[in-house]
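Student: I would like a close look at a single part of this model, taken slowly and set against the rest of the chain. Could you walk me through one helix and what surrounds it?

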Amino acid sequence: MKREALLDAAETVLSEQGTQALTLTAVADRAGVSKGGLLYHFPTKEALVRAMVARVIEEFDDLIASYIDSYGDGAPGSYTRAYVEATFEILTGEARAYRRWSAITAAAADPEQAEPLNEAMRRWHGRAPADDPDPGIAMVVRLAAEGLWEVVSHDPGLYDAEQLEALKRRLLGLLER
């Protein structure tokens with residue numbers, strides 16, 4: 001069984017049953033492999049959680065990069081625009097991608113497990129002021145997108161697609177001032 005399929009199984013256990021249910025046995029059962037088969041790839045639960053955290057960070061980085069590339073000009077403010085677009089793609093896109101983030105963030109509650117996510121947050125939010133025409137507005141927009149993500153993680157049905165689209169347009173509009 002491939003490593004990615006094992007990570008998918010772990011995410012499913014987390015999203016369906018919560019963090020307390022995330023055990024190597026539960027993941028092996030969900031993946032349809034022996035516990036030894038799982039241990040070959042992930043010798044501990046901590047290694048499994050680390051790999052899940054690393055995967056979501058890499059996927060979000062790749063999503064941001066894809067939006068930056070689509071702008072094609074590297075203009076000031078392109079990073080923050082890309083960050084907003086990527087955030088809304090996670091919030092409004094494939095449900096599995098959103099579930100993945102919620103579950104993995106919960107699983108990484110241990111300070112050591114959360115450090116890679118903390119480092120990514122510092123990188124995503126600690127941009128150099130020169131990267132944006134108005135650094136203060138850019139910071140507010142990124143933090144608003146982050147806050148929306150947090151709110152929606154607690155109540156996914158709070159905003160419908162039309163409301164989320166309006167919020168995204170408004171945040172992106174703030175960057176155009």
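**A helix and its surroundings**

Tutor: In this predicted model, residues 24 or more positions apart account for 65% of the contacts in the chain with a separation of 6 or more. The secondary structure comes to nine helices and zero strands, and read along the sequence the chain follows the pattern α-α-α-α-α-α-α-α-α. Of the 177 residues, 39% count as buried.

The part to look at closely is helix H5, which covers residues 78–92. Its 15 residues, at 1.5 Å a residue, should span 21 Å, and because the C-alpha atoms at its ends are 21 Å apart, the expected and computed spans agree. H5 is also mostly covered, with 13 of its 15 residues buried.

Within H5, a useful residue to follow is Thr80. Its relative accessibility is 0%, and since buried means under 20%, Thr80 counts as buried. If neighbours within four places in sequence are left aside, Thr80 is in contact with Asp132, Ala138, Val141, Arg142 and Leu175. The C-alpha atom of Thr80 is also separated by 8.3 Å from that of Met139, although these two residues are 59 apart along the chain.

Those partners lead on to another pair of helices, since Ala138 and Val141 are among the residues of H8 that meet H9, and Leu175 is among the residues of H9 that meet H8. Helix H8 (residues 135–154) and helix H9 (residues 161–175) pack with their axes 9 Å apart and at an angle of about 165°; angles over 145 degrees count as roughly antiparallel, and H8 and H9 are therefore roughly antiparallel to each other. The crossing in which H8 passes H9 is left-handed. On the H8 side the contact is formed by Ile137, Ala138, Val141, Ala144, Ala145 and Leu148, and on the H9 side by Leu164, Leu167, Leu171, Leu174 and Leu175. By class, the residues of this contact are eleven nonpolar, no polar and no charged.

For a contrast elsewhere in the chain, consider helix H1 (residues 3–17) and helix H4 (residues 45–71), whose axes come within 10 Å and cross at roughly 95°, which makes H1 roughly perpendicular to H4. Here H1 contributes Arg3, Glu4, Leu7, Asp8, Ala10, Glu11 and Leu14, while H4 contributes Leu48, Ala51, Met52 and Arg55. The contact of H1 with H4 divides into six nonpolar, no polar and five charged residues, whereas that of H8 with H9 has no charged residues.

Terms used. Residues are numbered from 1 along each chain as its sequence is written. This is a predicted model: local features need pLDDT of at least 70, side-chain atom pairs count only at pLDDT 80 or more; totals for chains, interfaces and linings use all residues. Side-chain values use heavy atoms; hydrogens and water are left out. Helices (H or I, at least four residues) and strands (E, at least two) are DSSP runs, numbered from the N terminus. The expected span of a helix is 1.5 Å times one less than its number of residues. Buried means under 20% relative accessible area, exposed over 50%, partly exposed in between (1.4 Å probe, protein chains only). Axes are lines fitted to C-alpha atoms, for helices over the stretch in contact, and angles run from 0 to 180 degrees between N-to-C directions. Angles under 35 degrees count as roughly parallel, over 145 as roughly antiparallel, 65 to 115 as roughly perpendicular and the rest as oblique. A crossing is left-handed if the near helix is turned anticlockwise from the far one by less than a right angle, and right-handed if clockwise. Contact means heavy atoms within 4.5 Å. Ala, Val, Leu, Ile, Met, Phe, Trp, Tyr, Cys and Pro count as nonpolar, Asp, Glu, Lys and Arg as charged, and the others, Gly among them, as polar.
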